[in-house]
Amino acid sequence: MRRLVALVLVVLPPLPVLADVPSVVQDTVEEHILPRVDAFAGAGADLAAVAASTCDPDDDGLRAAYTVAFDAWIDMSHLRFGPTEVADRAFAIAFWPDSRGATPKALAAMIVNKDPALADPVAFRDVSVAARGLYALEYLLFDDGLRQLGQPETRCALTRAITYDVAANGAAIAADWHDSYAARLMEPGPDGPYQTDAEAVQELFKALGAGLQFTADVRLGRPMGTFQRPRPNRAEARGSGRSLRHVVLSLLATQDLALHLAADDPELASRLSSAFEIALATAARLDDPVFAGVASPQGRIRVEALQTEINKIRQIVATELGPQLGVAAGFNALDGD
Amino acid sequence: MKSVLLATTLLGFGLSSAAMAATKSDVLTTYADIAEATYADSLAAAKVLQTAIDTLIADPTDANLQAAREAWLAARVPYQQSEVFRFGNAIVDDWEGKVNAWPLDEGLIDYVDSSYGGPSDENDFAALNVIANPQFELSGKAVDARQITPNLLADTLHEADGIEANVATGYHAIEFLLWGQDLNGHGAGAGERPASDYAQGDACTGGNCERRAEYLSAAADLLVSDLEWMTAQWAKDGAGRSAVTADENQGIVAMLTGMGSLSYGEQAGERMRLGLMLNDPEEEHDCFSDNTHNSHYYDGLGIRNVYLGSYTRTDGSELKGASLADLVGDADPELDAEMQAKLDQTMDALGAIKAEADGGFAYDQMLERGNEKGEALIMGGVNALVDQAKTIERVVTGLGLDNIAFEGSDSLDNPGAVFQ
């Protein structure tokens, strides 16, 4: 009988190393989340300060501040829960994808109508999210049509209103994390949003999965379209040439999160890390900053190869990291159609 | 022995439903029965709509237009309750776009106001207007649209050029043909298409009245035949029923996936919060008819139906059987209480929106920038739906289903399937 048990054990795969969930959550919050929300808050404040001194869309300083702030946002754009979801902050910072072209329409209407909210930061917070945030700012800095629409003073006021609003939202997100949300995640309880350690780590696990899904399905999938009908015009932030950059930045950020979550299983961490490195190397070889190549079959295949590598990471995350952490995928905002 | 004892004790307290320990098989049977009844009611209501449309076309009076609109509104009540069968059942997901695709670029179908604009970056055919154009080119191919038939709509026009906004069939195409565009912006009021858009001869307004009638009739025929097909899939030995009953754990997961995905990503996100954040009345789900408040309400009710294993049919009779609530109650009574409380909160919040809209505070007005009362109402619904999705995740864990592969939901799906 004992011999039988031994035999059974031999054919079973080794039991996974179970994660020390409370310390995984704490390390992730302190080393992955807080530095990112602080960096974005700082970059947003700098952007608003530069815009206050110049709103010339060709100004190098303004464009550099825009680049730093957008990079900092993409670096935390997978952390879509808690403070980013209060008062639609994340949508107001980053309304994309915009499948109905709402951003240029909303900006044009504000400029042409000299919308009173331009001069009133509180009123501006009620404006459509399509006319707010970094994707709207990109139009004001880089889109030929909008750069010439209406009066320069109106466009300048809009640039300042947008940057001030981005800074305010970045500051509010960071403040909420420091004041309360970090503690709620690290110390779950019956009165908080997370009842158990498992629910807290599930939130982080979902952020990783949703971040990778967004990069594969939306950042790459939208411009890829179908083989018969690729859609290069749908590439993210193509006006400022940032489409591929966003993919790389989000891969680096989700890699950091994945390694934190896999900290208790070095073997799994190492396989995850390799999968990310392969995807990053594929991205580096692409040499196609706005995915214009998807228009040709050969170019599209190369972008699809990158998507495939990201889906391989997702596979490891879903089938190995989830069980190792003892959590299921759960629901996320991309579940609709 | 223990369970018998427990059952006897509970019966003594009058908790007979909890005492009848539900099996997963029974729960899935109830689920499939509710699906069949919901689609059957949708089909019956669509047939009434089809008859009303025939009457309108034969005799385009204001009264007949009004009757057709009322038939459309009534048809939405059972159909919206069926949306919870999406996202977990592949057979529904593969089919749903034919009957309820949204949002649509309505200029594909018929005339629109000049403010609508022309072809867009996203859609070359946003202003095609097939009713006015018997011949046109689509993706490099000449299309003969001299006869507007169900086949033309379903096979050629629907999702033309691979664009989802090219919605040529289903409830919303019919809605547009009955109401027309809602040009009231954030003001109250729905579309105001005149009955004379279907008049013969010189009385015809909007041009091409015969072709418009042909289109409307073809769309109604398709809706009926599509619903007939789906109802049959949930009958005994139907493919939808067989799929959920083939593997009990997968079947229960399909139920929960539909409930959670509809609550969170679809309804709270895409349908409610997005429109509010954009202050855009065109983001209303039933925008031509101003029926969005009802559409949201009956979606929410469908989610609760599935959990409670109970559906009130169009004729008022109640279909009831073993439920997820029974299963969860057996495993963890507190979790069941939490789930039921969350579902009730959602219905209260969606009911508040419906009551305000029925009382004259239109959903368009709620979406307007700076309308704090409207924002509070809509966010009440959004927050309740997001909150209930959280508890649905707890139910997945509570029933020990967290290691079952999820199907039919993007995020719950095994992403490996994407590249296999």
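**Group meeting: a walk through chain A**

Hi everyone, let me start at one residue: if we skip the neighbours within four places in sequence, A:Arg238 has A:Ser243 and A:Val290 as its contacts. Before going on, please keep in mind that this is a predicted model.

So where does this arginine sit? A:Arg238 belongs to the loop between α10 and α11 of chain A. Is A:Arg238 buried or exposed? Neither label quite fits: it has 19 C-beta neighbours inside 10 Å, and because buried takes 20 or more, A:Arg238 counts as partly exposed. There is also a link across the sequence here: A:Phe142 is 96 residues away along the chain, yet the C-alpha atoms of A:Arg238 and A:Phe142 are 9.7 Å apart.

Let's zoom out to the whole chain. What is chain A built from? There are 13 helices and 0 strands, so for those of you who like element strings, it reads α from the N terminus onwards. The C-alpha trace spans about 90 × 50 × 35 Å along its principal axes. For 337 residues, a compact globule would have a radius of gyration near 20 Å, and the 22 Å of chain A agrees with that. As for burial, 49% of the 337 residues count as buried. And if you take contacts between residues at least 6 apart in sequence, 78% of them join residues at least 24 apart.

Now to two helix pairs, beginning with α7 and α9. Helix α7 covers residues 133–142 and helix α9 covers residues 152–186; their axes are 10 Å apart and the packing angle is about 155°. That angle is why α7(A) is roughly antiparallel to α9(A). The crossing of this pair, α7(A) and α9(A), is left-handed. Who meets whom? On the α7(A) side we have A:Gly133, A:Leu134, A:Ala136, A:Leu137 and A:Leu140, and they meet residues of α9(A) including A:Leu158, A:Ile162 and A:Val166. Sorted by class, this contact of α7(A) with α9(A) holds 7 nonpolar, 3 polar and 1 charged residues.

My second pair is α10, residues 197–224, with α13, residues 297–325. Their axes come within 10 Å and cross at roughly 165°, and α10(A) and α13(A) are therefore roughly antiparallel to each other. The contact of α10(A) with α13(A) divides into 14 nonpolar, 7 polar and 3 charged residues. What is the handedness of the crossing of α10(A) and α13(A)? It is left-handed.

That's my tour, thanks for listening!

Note on methods
Residues are numbered from 1 along each chain as its sequence is written. Chains are lettered from A and ligands numbered from 1 in the order in which they are written. This is a predicted model: local features need pLDDT of at least 70, side-chain atom pairs count only at pLDDT 80 or more; totals for chains, interfaces and linings use all residues. Helices (H or I, at least four residues) and strands (E, at least two) are DSSP runs, numbered from the N terminus. The radius of gyration is taken over C-alpha atoms; the globule rule is 2.2 Å times the number of residues to the power 0.38. A residue is buried if 20 or more other C-beta atoms lie within 10 Å of its own, exposed if 12 or fewer, and partly exposed in between; C-beta atoms are placed from the backbone. Two residues are in contact if their C-beta atoms, placed from the backbone, lie within 7 Å. Axes are lines fitted to C-alpha atoms, for helices over the stretch in contact, and angles run from 0 to 180 degrees between N-to-C directions. Angles under 35 degrees count as roughly parallel, over 145 as roughly antiparallel, 65 to 115 as roughly perpendicular and the rest as oblique. A crossing is left-handed if the near helix is turned anticlockwise from the far one by less than a right angle, and right-handed if clockwise. Ala, Val, Leu, Ile, Met, Phe, Trp, Tyr, Cys and Pro count as nonpolar, Asp, Glu, Lys and Arg as charged, and the others, Gly among them, as polar.
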